[in-house]
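Grab a coffee and work through these exercises with the structure open beside you. Try each task before you read its solution.

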Amino acid sequence: MSTSTNHLPKRDWREWQVYQAVTPKTIFVLLIAFMLLAWSGHNTEMDKAAVETGKAVLSAVGIGDSDVLNGVSKFGSQAFPIQFSTRTELTRLEGVDLQNLPWLSYVEEGVSREYDVDTDTWTEEKVEYLVEPIGYLNKVLWMMWETIEMGFWGTVISIMISLPLGILAAKNYSPHPIVYQIARSWLSFHRAMPELIVALFLVLIYGFGPIAGVLALAIHTSGVLGKFFADEIENAPKGPQMALSSAGANSLKVLRYAVFPHVLPAWIAYVQYIFERNIRTATVLGIVGAGGIGMELKGRWDLFDYDHVATILLIIFISVVVLEIFSQKLRNKTL
Amino acid sequence: MLMFENVSRVYPDGTQAVKDVSVHLKKGEFCVLLGPSGAGKSTLMNMVNGLVEPSEGKITLDGEMLTKKNLQTIQRNVSMIHQQLYLIPRLSVLHNVLTGILPQAGFWKSMIKSFPQSDQKRAFELMHEVGLEEKQLMRRASELSGGQQQRVAIARAFMASPKVVLADEPVASLDPAMSRSVLNSLKKAAQIHGATVLCTLHQMDYALEFADRIVALRNGEVFFDGHPSDMDEEVQRKLYEIERENLSKQQDATDSDNTETAVINPEQKIGAVA
């Protein structure tokens with residue numbers, strides 16, 4: 001709230017206006033804001049959330065009963081111990097060389113019980129199982145790797161789209177105001193399309209698998225990156241650009257020499273952030289069938305295999321943390 | 001060679017920045033423009049640079065008119081050392097110097113920062129002449145001291161073999177010893193490459209020491225034009241008086257929020273933002 005004092009006549013300092021921190025206007029605005037917050041909070045059940053969470057906390061220390069806590073303990077009891085191994089009947093596997101089993105795996109004898117409805121009898125049969133102690137972990141790790149690759153390619157394609165569009169969307173380097181407007185609105189169109197919804201459509205077009213996921217990531221994040229790029233170019237210091245262009249260098253050369261070196265660190269930081277974000281988002285995209293670890297997560301969730309779900313969540317969590325640490329180190333190096 | 005013939009300039013707001021200036025500069029001359037701010041030094045420079053058109057009279061370089069229409073002639077023959085230098089901070093010293101010939105460089109090669117050996121050798125030579133060393137070659141411009149950055153700017157200005165080099169307050173932000181050394185480098189480079197230097201200064205002792213010729217301006221008019229040795233104490237005393245008079249005027253100007261100085265030197269504003 002800065003009121004212009006230009007119109008005031010010159011007067012003695014003793015008569016200067018005192019600054020008022022709280023005015024009736026401030027109180028009125030705060031009151032309106034509070035009412036809006038209350039209304040919107042009720043709409044989104046924030047009041048209920050507070051009550052339920054409070055109950056859960058109380059219940060955790062032994063006071064009363066809570067549905068929320070019951071839900072948590074139900075998932076918890078089924079999720080642990082988390083599932084790392086696989087156990088498959090040998091007869092269902094093809095081409096297993098018993099003399100030369102995969103690493104760490106072994107064959108176990110067990111009893112398979114089968115129920116025959118017609119005779120209402122149980123038949124017991126001795127079968128051999130192939131047990132791989134870290135088989136499932138291995139599978140999940142591979143899927144996590146695929147997810148990371150999805151994030152990577154999503155970022156690469158996003159850069160390929162956003163770099164030219166970003167330059168066209170920078171006011172001072174756009175060849176024409178119309179091109180500028182088109183580029184800007186194109187970028188905001190990309191930004192406005194949420195990955196999950198785009199992925200849903202792309203799964204229809206390309207079928208299940210990572211193609212849909214990668215393209216969905218690329219489309220959304222190119223809008224974000226392009227806007228960052230354009231803004232950075234526009235905010236680069238004008239002096240060096242003026243020095244080069246007034247000497248006769250054309251605008252692409254000016255861009256290359258006076259703008260790119262300046263904006264590069266910020267660009268790298270943006271791209272790193274987008275890469276991290278893409279990996280995190282790619283873990284979710286599988287839920288609509290767009291490849292990655294999310295597909296396995298959704299499948300196990302629907303089968304109530306919470307011990308498998310726990311493995312997946314653990315791997316996602318560890319990977320994201322490790323990538324974040326790695327990316328932080330990289331950033332410290334490039335800046 | 002560089003000739004100002006009865007040049008005047010009136011700005012749209014009615015300010016008479018330059019009034020009937022006639023100066024003929026010889027090839028290789030080191031000419032210092034003296035005068036308080038608002039005297040028309042920057043306007044005179046910007047007219048050579050093509051940024052400002054003379055309202056009356058003409059400026060010619062070897063017989064060619066210097067106007068906005070002849071921008072190519074200007075760009076080929078005139079280079080500028082800006083007061084704020086405008087080096088590219090994150091680019092290496094070598095590439096900062098090489099940007100002096102960026103307009104002439106091949107497009108695709110310049111995009112991958114590849115410059116022919118002959119250009120690089122020329123950059124080395126210039127860097128040596130202004131007192132830069134090999135160890136500074138690949139350092140970023142921002143890592144250098146103020147004096148060294150000034151030398152990089154000088155080398156860049158001479159890179160395209162200009163006939164005229166304009167230097168706007170080249171030693172404004174340097175200490176006296178460094179100022180002398182930088183002015184020496186500038187003069188040496190100008191002599192070696194036979195370029196005419198038009199340099200604004202506000203310290204009269206440097207002008208007396210380095211200039212081949214001094215042009216002093218006052219309210220847009222030439223107040224003194226000649227060799228430093230022609231500058232007797234009478235003239236010097238008057239120049240000091242102008243300076244003092246101007247200082248008190250500037251005080252008034254800032255009080256009444258006068259925009260005159262901003263109009264006369266538009267680049268300074270850009271520099272302040274950058």
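By the salt-bridge rule, the count over all chains comes to 23. Keep in mind that this is a predicted model.

**Exercise 1. Find the salt bridge that A:Asp231 makes with A:Lys227, and work out why the two are about one helical turn apart.**

Solution. Start with the side chains: A:Asp231 and A:Lys227 meet in a salt bridge, with 3.3 Å from N to O. That passes the cut-off, which is 4 Å. Next, look at the backbone. Both sit in helix α7 (residues 210–235) of chain A, and because they are four residues apart there, about one helical turn separates them. The general rule fits in here: an α-helix has 3.6 residues a turn, so residues three or four places apart point the same way.

**Exercise 2. Work out what chain A and chain B share where they are in contact.**

Solution. Begin with the head count: 21 residues of chain A are in contact with 20 residues of chain B. Now the area. About 2000 Å² is buried between the two chains, and carbon and sulfur atoms give 70% of it. On the chain A side, A:Lys253, A:Arg256 and A:Tyr257 lose the most area to chain B, together 34% of what that side buries.

Then check the polar side of things. Between chain A and chain B there are zero salt bridges, but six residue pairs are in polar contact, both partners at pLDDT 80 or more. As for which helices take part, α8 (238–246) and α9 (251–285) of chain A each supply at least two residues of the side that touches chain B. Sorted by type, the residues on that side of chain A come to 12 nonpolar, six polar and three charged.

**Exercise 3. Follow helix α4 (residues 135–168) of chain A from end to end: how far does it reach, and where does it bend?**

Solution. Helix α4 has 34 residues and reaches 50 Å from its first C-alpha to its last, close to the 50 Å expected at 1.5 Å a residue. Now look for the bend: α4(A) turns by about 30 degrees at A:Ser162, and a proline, A:Pro164, follows within four residues.

**Exercise 4. Track down the backbone oddities at A:Pro81 and A:Glu45.**

Solution. First, the usual case: most residues other than glycine have a negative phi, and most peptide bonds are trans. A:Phe80 and A:Pro81, however, are joined by a cis peptide bond, with omega about 0 degrees. You'll find A:Pro81 in the loop between α3 (67–79) and β1 (86–89) of chain A. A:Glu45 isn't a glycine, yet its phi is positive, about 60 degrees. Look for A:Glu45 in the loop between α1 (24–43) and α2 (46–60) of chain A.

Key. Residues numbered from 1 in each chain as written. Chains lettered and ligands numbered in written order. Heavy atoms only, no water. Expected span 1.5 Å × (residues − 1). Bend = angle between axes of the 7 residues up to and from the residue. Contact = heavy atoms within 4.5 Å. Buried area = accessible area lost by both parts, 1.4 Å probe. Polar contact = N/O pair within 3.5 Å; in protein donor to acceptor, adjacent residues only side chain to side chain. Nonpolar A, V, L, I, M, F, W, Y, C, P; charged D, E, K, R; others polar.
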